[in-house]
Amino acid sequence: MKKTIIITITTIILVVIIKSYINMEEKPKYSWSPAVAALEEYPMEVYSGHLIIGKTLKGAYGYLPFNTTIENGLDYIESTSDNLHYPPRFLDVSWYSFTEKKTYTGIFELNYELIDSLLKKECITFSGFDEKDKKLQFNKGGTDAGLVKVGLLPGGVVRLWVHTDRDRFEVGRYQAQEDKTIDWKDVYPDFTMENVADEYTKDLPQEIKDQMAQNRIPFGSWERLFNRYNTNIKTDVTDKIEVMSIWYANAEYEEFLYIAGEKDTTKKRGIPIKINLTWRRDDGMRIEANVVFDQEKMLALFKDIKTTDNLKINLKVDKTADLLVLGKGLLLTLENQDKIIDLKPYIKEQQMYNCYTQFPANAPHKTVVLEVRE
């Protein structure tokens, strides 16, 4: 009898140990925190928000930032300090739209598999030149300190992005409903939300205040920001571009590491609104170039372009430009099957200057494997 009991207990202990080991091995090798964003001129405030990692709505979760005004643009990051290791399955969020003077609520099931695949994607990032080893250092590993960002737009629209070490990618659009049951008195006990909204919107541009007064906020007009096009980024190998970053109107972002042997790619991309890159002159000097497009002009340009078109963004370094002279840096064209468009009239700001960091051309590489924080 005693022997049977001992064997049974031993078996239970082994099962527990094996299960713990399996769970430990299955733990995703990344970490992320919840974040929230809103359009710059349409401020919002989160009443309650959770990105839920459990398999039910009552599961474990991370908080969205709340009791703070969100108003700095969809590229802006307002995040918590949570450190989560499993992808979210649900979003439960309630918030106030100051320009509409409405509260919205939504509970949404998320694309768990897509979010997980983006967060766990192993990537290489360039961290700089190690003066001690005289080598270029590249970090390799899963996402550390990534973000799952919730974007709140007028009309109760919710969009979701995943931020990793290398990319920002939109993974979903959802529609919330107006909610008149939420009592904001526990947040602002001495004021109505209408009073609070008046205070927060008094310094907005007159155009936005007119929209509010005339009840004509242009709902749906922001959808054009989020179009994607089958786009090839085409560079000239003789320009010796090392690193390039591109920001898009849909709040996506990507980085190209030509210095690590990466090549131009074709994929679905948004409307470019900013490009930054480093390249090397023939004398070895590292140069940085920066271009900011006029977003409204770019949106107007892409209005007549079909999302099914095959596009090519041709990028050439302007080697004749003088450093520190505004308006110089890159030569850009947009090409489809019908025509080639010079993008110079669509540029709002452009400049080129010596890089802050300089290191020898063709320096050897070293790769550092990073451990994800616990």
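This is a guided tour of the structure above, stop by stop, with a suggestion of what to select at each one.

**The whole protein**

Keep in mind from the start that this is a predicted model. Show the full chain as a cartoon to begin: you will find five helices and 24 strands. Turn the C-alpha trace along its principal axes, and its span comes to about 90 × 65 × 40 Å. Now switch on the surface. The accessible area is about 19,800 Å², with 52% of that belonging to carbon and sulfur atoms. Of the 374 residues, 47% are buried. If you count contacts with a sequence separation of 6 or more, 68% of them join residues 24 or more positions apart.

**Stop 1: the largest pocket**

Rolling a probe the size of a water molecule over the atoms shows where empty space is left. Here, the largest pocket holds about 900 Å³ of space. Which residues lie nearest its centre? Select Leu 39, Glu 40, Leu 225, Gln 295 and Glu 296 to see them; the full lining comprises 29 residues. Next, colour the elements that give two or more residues to this lining: helix 4 (206-213), strand 15 (241-248), strand 18 (272-280), strand 19 (286-293) and helix 5 (295-303). If you then colour the lining by class, 15 residues are nonpolar, five are polar and nine are charged.

**Stop 2: helix 2**

Select residues 112-119, which form helix 2, and show the side chains of Ile 115, Asp 116 and Leu 119, its buried residues. They cover an arc of only 100° around the axis, so these three sit on the same side of helix 2. An α-helix has 3.6 residues a turn, so residues three or four places apart point the same way. What do the buried residues of helix 2 pack against? Add strand 1 (32-38), strand 10 (146-153), strand 11 (157-163) and strand 12 (168-175) to the view, and you have their packing partners.

**Stop 3: Gly 155**

Two of those strands lead to the next stop: Gly 155 lies in the loop between strand 10 and strand 11. Its relative accessible area is 24%, which makes Gly 155 partly exposed. Leaving aside residues up to four places away in sequence, Gly 155 touches Glu 100, Tyr 104, Gln 175 and Phe 219. For a distance to try in the viewer, pick the C-alpha atoms of Gly 155 and Lys 180: they are separated by 15 Å, with the two positions 25 residues apart along the chain.

**Stop 4: helix 3 and the loop before it**

Asp 183 is in the loop between strand 13 (177-178) and helix 3. At 49% relative accessibility, Asp 183 is partly exposed. Draw a line from Asp 183 to Thr 103: the two are 80 residues apart in sequence, and 9.7 Å apart C-alpha to C-alpha.

Now move into helix 3 itself, residues 193-201, where Met 193, Val 196, Ala 197 and Thr 201 are buried. Looking down the axis of helix 3, you will see these buried residues fall within an arc of 120°, so they line one face of the helix. To see some of what covers them, select strand 6 (90-97) and helix 4.

**Stop 5: two residues with positive phi**

Select Asn 67, in the loop between strand 3 (61-63) and strand 4 (69-70). Its phi is near 55°, a positive value in a residue other than glycine. Then select Ala 251, in the loop between strand 15 and strand 16 (253-257). Ala 251 is also not a glycine, and its phi is near 70°. Are these two buried or partly exposed? Asn 67 is partly exposed at 44% relative accessibility, whereas Ala 251 is buried at 2%.

**Stop 6: two more loops**

Asp 133 is in the loop between strand 8 (123-130) and strand 9 (135-141). With 37% relative accessibility, Asp 133 counts as partly exposed. From Asp 133 to Gly 327 the C-alpha distance is 38 Å, across 194 residues of sequence.

Finish at Asp 322, in the loop between strand 20 (310-317) and strand 21 (330-335). Asp 322 has a relative accessible area of 53%, so this residue is exposed. Its C-alpha atom and that of Glu 252 are separated by 31 Å, and the two residues are 70 apart along the chain.

Key. Residues are numbered from 1 along each chain as its sequence is written. Side-chain values use heavy atoms; hydrogens and water are left out. On a 1 Å grid over the protein atoms alone, a cavity is a set of points where a 1.4 Å probe fits but cannot get out, and a pocket is an open set with protein on both sides within 12 Å along at least five of seven lines; lining residues have an atom within 4 Å of a point. Grid points are joined across faces, edges and corners, and a volume is the space filled by probe spheres set on the points. Helices (H or I, at least four residues) and strands (E, at least two) are DSSP runs, numbered from the N terminus. Ala, Val, Leu, Ile, Met, Phe, Trp, Tyr, Cys and Pro count as nonpolar, Asp, Glu, Lys and Arg as charged, and the others, Gly among them, as polar. Buried means under 20% relative accessible area, exposed over 50%, partly exposed in between (1.4 Å probe, protein chains only). Contact means heavy atoms within 4.5 Å. Accessible areas come from the Shrake-Rupley method with a 1.4 Å probe; for residues, only the protein chains shown count as cover. The arc is that of the directions from the helix axis to the C-beta atoms.
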